[in-house]
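User: Please explain the terms used to describe this protein, setting each value against its definition.

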Amino acid sequence: MSNFINIGYGNIVAVDRIVAIVAAESAPIKRLIAEARDKSSLIDATQGRKTRGVIITDSNQVILSALQPDTMASRLIVTKE
């Protein structure tokens, strides 16, 4: 059975699929987001708010979240225990 992490506003992601949780401000991550948008592999879970965290999955999906990476990571650690 898979564990899930709440990434804000009722959106959840399977913990087993997460490769990385990163901040959205750097230029390489902004390029990664743009490429994912072009390939239709971007999932926007911000509910119209500012993107603060980005989740990269093992299936090359890029998920945008309004939560800070630290917040998501702390929820991930709690979920894994």
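Analyst: Helices are DSSP runs of H or I with at least four residues, and strands are runs of E with at least two, numbered from the N terminus. On that basis, this predicted model has elements in the order β-β-β-α-β-β-β-α from the N terminus, with two helices and six strands.

User: What makes the protein as compact as a globular protein of its length?

Analyst: The globule rule multiplies 2.2 Å by the number of residues to the power 0.38. For 81 residues the rule gives 12 Å, and the radius of gyration is 12 Å, close to that value, so the protein is as compact as a globular protein of that length. Along the principal axes, the C-alpha atoms fill a box of roughly 35 × 25 × 20 Å.

User: Why is the set of Ile5, Ile7, Val13, Val15, Ile18, Ala45, Ile55, Ile63, Leu67, Met72 and Leu76 called a nonpolar core?

Analyst: A nonpolar core requires buried residues of the listed nonpolar types, joined through side-chain atoms within 4.5 Å, and buried means under 20% relative accessible area. These eleven residues form the largest such core, therefore the name applies under that definition. Two or more of its residues come from each of β1 (4-8) and α2 (69-80). Another core, of eight residues, lies apart from it and includes Ile29, Ile33, Val62 and Leu64.

User: Which residues does Ile55 touch, leaving aside those up to four places away in sequence?

Analyst: With contact taken as heavy atoms within 4.5 Å, Ile55 touches Ile7, Val13, Ile18, Ala20, Ile21, Gln61, Val62, Ile63 and Met72.

Definitions and conventions
Residues are numbered from 1 along each chain as its sequence is written. This is a predicted model: local features need pLDDT of at least 70, side-chain atom pairs count only at pLDDT 80 or more; totals for chains, interfaces and linings use all residues. Side-chain values use heavy atoms; hydrogens and water are left out. Buried means under 20% relative accessible area, exposed over 50%, partly exposed in between (1.4 Å probe, protein chains only).
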